[in-house]
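Colleague: Please take a close look at one part of this model, a pair of neighbouring strands, and then at what lies around it.

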Amino acid sequence: MGTLWFNGSIYTMIKEEDQVEAVFTDNGVIVDTGRLTYIKEKYADNISREIDLKGQTMLPGLVDSHLHLVGHGERLLRLDLSLMNSRESIMSSVKKKCEITPAGKWIVAEGWNENEWPSSELILRDELDAISTEHPIVLKRVCRHALVVNSRALLEAGITEEPSGGVICRYPDGRLNGLFKENQAQNLVLDRLPGIDQGYIENALTEAIQDAYKLGLTGGHTEDLFYYNGFMPTYQAFKSVIEGRNMTFRANLLVHHQAFEEMLASGGRYQEGTRYIKFDSMKIFTDGSLGGHTALLSEPYEDQKDTNGVAIFTEKELQELVQKARQADMPIAVHAIGDLAFDYVLNAIEAFPPKKGLRDRLIHAQIVRPELLERAAKLPVIFDIQPGFVPSDFPWVEEKVSAKLLESSYAWKTYLKLGIICAGGSDAPIEPLNPILGIHAAVTRKKINSDDETVYGMDERLSVYDAFALYTKGSAAAIGLENRRGQIIKGYDADFTVFNRDVLAIEPDDLLKVEAVMTVIDDRIMYDKK
């Protein structure tokens, strides 16, 4: 027995403005769509539940194509620095946290971004020592490609003045200044954090998924399997929460290259798993972040001429990883922010293309030269973009990256015009998880809650329809399920997001007033605001 959905603006996303009056679902699948009288008459004996949308708007379920679900949950559980707009406010918050935390307990905070401060002078070891030497303090940068710690954290982590590995920064006198960049260096600290047990991971996941429901997300493509005691504990936590606690959520797990062998040893394979949890592409990092000057550019940074970023792997090493994925019939999902990193990835894909029918994923695709776009358009690739990076990165990125490189960068509309499929994500906890903020950013390309009304890249603004398509059709295509999800069509999965306003018929700035009022996954209402 199934469900009738009616009396709302039901957008199929097949094409712009395409609507149906009613939808009939059964056993997790869309059985039929059409006029209300037709659906009621045809399925009269099979309708056991009627959902009156009361004039609200229903879309295919929105899916975040790139996030870190456990990390988002951690942010909800920890001290959040992301909305603090000065080093002084951050130091004050950390001090208050120390005052109410027993001596010896770790203080871990998330989300600082010096580019949003009046002065971009970093908070370093000595400033943190002035706050407390009784608490190990770890402050993670918003991009998660850098962190800073105090002396007590160095002591607890067993780090001497002569560590090795990754990018480890120092004061002019040679002392460690507490700043560690990229995984190899950061893990010297992160691997010593206490409390990363099964309960911790499950609590973070529970918080994150509950938040996703409230934001209208029916799924996410998430990368967590390497960071929380390794592959198996994290995978077991996903199964415990999503399957064991009956928290239905479609989780596609990107597999960090260092968790890849363990995934294979466990019997895991691409697009296999449980009903709601599937293994996805091999995740590879090729560079870092623009804010930390570690994204790999083809020319030096404008404000730091002695560097053009950090290559995580040589081209040979990168291609060896790609070969490893191909041997397991897996596509790759590659973090590439700088244009030189992007170039390296295209070289690897051209040398070792994916199995026919599969697509590789280029995550971020921010700084890209025109000739690289032309090459990418000829390959089986999807651009996994984060529209929220535009209001976050501008205008400070203009001081770091040359105007010539920026001409063809963050160019979402150009990508689509070239025929490149794009999926939309947040990179939460780097950016807020709310998909409406990403959609608003794609449509307006300007900051919110700011005096800065500049439109950064006027010609690259997307229509509201194309922006929503990133999170519906685009996210479905990123996992090879464009014939099963992302549209309201007979035979597709019964995943829906219901909003309080007609999102495809309002002014762009009114998107910020939109709220998800119902989230439906596999024909189950997982969130109902009322």
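Colleague: In which sense do strand β9 and strand β10 pair, and over how many bridges?

Modeller: The model is predicted, so local features need pLDDT of at least 70 and side-chain atom pairs pLDDT 80 or more, while totals for chains, interfaces and linings use all residues. Residues are numbered from 1 along each chain, and side-chain values use heavy atoms, without hydrogens and water.

Strand β9, residues 137-141, and strand β10, residues 146-149, pair in the antiparallel sense over three bridges (pairing takes at least two DSSP bridges; strands are DSSP E runs of at least two residues, helices H or I runs of at least four). Within this pair, Lys-140 has Leu-147 of β10 as its bridge partner.

Both strands belong to an open sheet of six, ordered β7-β8-β9-β10-β12-β11, with mixed pairing. At its edges stand β7 (79-80) and β11 (167-170); each has a single partner strand, so one side of each lacks a neighbour in the sheet.

Helix α6, residues 182-190, packs on this sheet and touches β9, β10, β11 and β12 (contact means heavy atoms within 4.5 Å). The direction of α6 makes about 120° with that of β12, residues 176-181 (axes are fitted to C-alpha atoms, and angles run from 0 to 180 degrees).

Arg-141 also helps to line the second largest cavity, together with Arg-75, Glu-110, Gly-111, Val-142, Arg-144, Pro-429 and Ile-430 (on a 1 Å grid, a 1.4 Å probe fits in a cavity but cannot get out, and lining residues have an atom within 4 Å of a point). This second largest cavity holds about 30 Å³ of space (the volume filled by probe spheres on the grid points).

Technical notes
On a 1 Å grid over the protein atoms alone, a cavity is a set of points where a 1.4 Å probe fits but cannot get out, and a pocket is an open set with protein on both sides within 12 Å along at least five of seven lines; lining residues have an atom within 4 Å of a point.
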